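Trainee: I have not worked with this structure before. Could you take one strand and the elements around it, look at them closely, and then place that part within the whole?

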Amino acid sequence: MSGEKMSNEQPEASQPPMSEQGEKKPAIGYQPGENKTEAPAKHPIAKAKPAEIGKPARVGTIKGSHPGDRYVRVVQQAPASHPDDLLLTPRPIPKPRKRGPVAQWLLQGEVQEPNAAFEHEAHVKHEEPWWKVMCLTGVDYFSTLGYQPGIAALAAGLLSPIATLILVLLTLFGALPIYRYVAAESPHGEGSIAMLERLLSWWQGKLFVLALLGFVATDFVITITLSSADATAHVVENPFTRFLNGYEVPVTLVLIALLGAVFLKGFGEAIGIAVGLVGAYLALNLVVVGVSLLHVFEHPEKITQWQDLLFARHSNPLLMVGVALLLFPKLALGLSGFETGVAVMPLVKGAPGDTYENPKGRIHNTRVLLITAACIMSVFLITSSFATTVLIPHQEFEPGGAANGRALAYLAHEYLGNGFGTVYDISTILILWFAGASAMAGLLNIVPRYLPRYGMAPEWAQATRPLALVFTAIAFIITLVFKANVDAQGGAYATGVLVLMTSAAIAVTLAVYHAGKRLLTIAFGLIAAVFLYTTGVNVYERPDGMKIAGIFIATIILTSLISRVWRSTELRVTNVVADDLARQFIQDAARGDEIHLIANHPDGRNAREYLLKDREQRADNNIPHGAPVLFLEVTVRDASDFAPTLNIQGVEVSGYRVLRAEGSSVPNSIAALLLWLRDTTGKRPHAYFGWTEGNPLKFLARYILFGEGDIAPLTHEVLRRAERDPERRPAIHVG
């Protein structure tokens, strides 16, 4: 294919252009050549008026000096600034597609640059004191008191207080130290997943994160359905609304639909609402637990009855502890809330001297938040478990019993009357429903944080409303499958919580190991082993959670890979950074009428290689004699990255000027650089490639996985999708 060119221009009309003397010039295309070179027109920038800056201007035609050469039309763009003042300007935003009214409403607020949505916390409107943010996380964490004591009594029976005590010890001496460390390592809300992402590179890191996102989806979606189902249990068991008994599934679906409607309308400021709900709920629980414990101590025979039954079944105290160690994984619901606690760190107000790179005050306040929440929850877990186990007959915890899924509400009605019990039910229903809102907000936050950055989400995943509809539909399906049963969903919820906490423990263990801290490595390794055991027992005894998580993981990976293939030729470089020498090379090249770049696959990177490549491309593509050329070499560091910054370094080798770039793919990096050159210099750059297959689909898999493939046609496709105007696209030449 020597001498053949592939250009973006379309053939001219049949009328040939006219010269200044009125003579007809040959039409653009293959024309018989002459043994002379037509002088190119001077660049119009020098004579451009201010109003003409930025408008395209035809320069004329250029042809080679060999017989058979064709004329090439050159359309140049007047620069927005002088070539000596090269600025990093963003690429032009393509004209938006016309959307119908429904699509416009659904995609309202769509994030245009999801990769930058979480940089420097531009998405955070304000910060709040740590205790207010604790209430926001507490709607998820503290709301588990609505169903945790009942699930614990049903799972561990008489051993529930002992198993709960083991859970509290794991909370205070396991989960709390882990997430205190996570807070220091990810102070901007990245969480433990980001720590593992940094430890793993290339595709294995991306796939691992996608798997963890499946468990995150399991955790948050089951939080929505479980909390709504438990809110329904409080509704139908209330003496004033018992006529709804038997309609648990419809009532739960209505609550979930209302939750989805809130996010379709727009989820406003949540912290103020959370503070009121959590404050009222904790105060009511303090009253219920306090009155219940007072009743226990006024009737010591109830403690005696519990002890007699306990020793009748487990005569040896060591045996009790051993059995409790086997049973406490079933109580893992009480561990929820830590991942949410570090996810909302950008909302925590820090110290006046905090910086983005070193937010010491925020880290300290977040640690105070985690300690306070863990201590409050630990006290309530132990006291509520003891009171409910001693005071409530075991048959009431069974499905259909009055205490099933609402143990503390049972005590509120029993010892404080139906009036106070109804107030408690309303408070519990509201905080459980708002816990679902917190989980939905977490889902809408975490999907744009990872998937669009990987190129593994469709465009509509950058908007809130379509995602809210998707997650609401999934919650509907799970509610129908589990028939709004709180106990049946406990295993899936615990699986999501435990897998995330186990991954956090492993991430922290690896981090301290790489830091050379041997004692901390041993300590965190033991904690990670405990979480691995707890997760394994929970998965073995209640495999439903792993099945649901598997469905989420498979769905996320499948849709992500489809999206990555679909977006493979999308221009995705968000920033171009060139060093001083590279800028100097570009500035010198921009003084001519054209910018010529030779795409080179580096081998020896010596003078001989560049000499031969220069001669070959000048002969094959008729580059004007004496016109300066820049060699362009792209190195792919991690092809699994989707929207990285393109870094360009200028290097001079024996007089040959080379631009060496680092990106996630060769074609995408070349296309981004060409467009950047056009927009910063006003010149339409020409890129010259060697031999090519001309079949971009054949090498699509290699392009996606390794960032390489059939360079010229893939670069042409990226340019085509990025720029709709063919006359403004950089020219691609293949010889």
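Mentor: What follows starts with one strand and its surroundings and then moves outward to other parts of the chain.

The model is a predicted one. The strand is β3, which covers residues 575-578. One face of β3 is covered and holds Val 576 and Ala 578. The other face, with Asn 575 and Val 577, is uncovered. This split follows a general pattern: in a regular strand, side chains alternate between the two faces of the sheet.

β3 has a pairing partner in strand β6, residues 645-653. The two strands run in the parallel sense and are joined over four bridges. Val 576, on the covered face of β3, has Leu 646 of β6 as its bridge partner.

Helix α18 spans residues 580-589. Its buried residues are Ala 582, Phe 585, Ile 586, Gln 587 and Ala 589. In a helix of this general kind there are 3.6 residues a turn, so residues three or four places apart point the same way. The cover over the buried residues of α18 includes β3 and β6, along with β5 (629-636), β7 (656-663) and α20 (666-681). The strand we started from is therefore part of what covers the helix, as is its partner β6.

The loop that leads to β5 deserves a look as well. It runs between α19 (607-621) and β5, and Asn 622 lies in it. Asn 622 is not a glycine, yet its phi is positive, near 55°. Asn 622 is buried because its relative accessibility, 17%, is under the 20% cut-off. Another loop, between α14 (464-482) and α15 (486-514), holds Lys 483. Lys 483 has a positive phi of about 55° without being a glycine. Its relative accessible area is 64%, so Lys 483 counts as exposed.

Two other helices offer buried residues to set beside those of α18. Leu 226 belongs to helix α6, residues 202-236, and counts as buried because its relative accessibility is 0%. Leaving out residues up to four places away in sequence, Leu 226 touches Tyr 147, Val 486, Gln 489 and Tyr 493. The C-alpha atom of Leu 226 is 9.6 Å from that of Ile 478, although 252 residues separate them along the chain. In helix α13, residues 407-450, we find Ser 427. At 9% relative accessibility, Ser 427 is buried too. With the same residues up to four places away left out, Ser 427 touches Ala 280, Tyr 281 and Leu 284.

On the surface, Leu 165, Leu 169, Phe 173 and Ile 382 form a nonpolar patch, with about 380 Å² of accessible area together. Helix α4 (residues 160-185) gives the largest share of the patch, three residues. Phe 173 lies in this helix and counts as exposed because its relative accessibility is 60%.

As for the whole, the protein has 22 helices and nine strands. It has 735 residues, of which 53% count as buried. Of the contacts with a separation of 6 or more, 79% join residues 24 or more positions apart. The protein exposes about 32300 Å², and carbon and sulfur atoms supply 62% of that. A search of the whole structure finds zero disulfides. Among the cysteines, Cys 135 is buried at 7% relative accessibility, while Cys 375 is partly exposed at 37%.

Terms used: Residues numbered from 1 in each chain as written. Predicted model: local features only at pLDDT ≥ 70, side-chain atom pairs only at ≥ 80, totals over all residues. Heavy atoms only, no water. Disulfide = S-S within 2.5 Å. Buried < 20%, exposed > 50% of the residue type's maximum accessible area, 1.4 Å probe, protein only. Patch = residues over 30% accessible without salt bridge, like charges linked within 9 Å, V, L, I, M, F, W, Y side chains within 5 Å. Areas by Shrake-Rupley, 256 points an atom, 1.4 Å probe, with all protein chains shown as cover. Salt bridge = Lys/Arg side-chain N within 4 Å of Asp/Glu carboxyl O. Pairing = 2+ DSSP bridges. Contact = heavy atoms within 4.5 Å.
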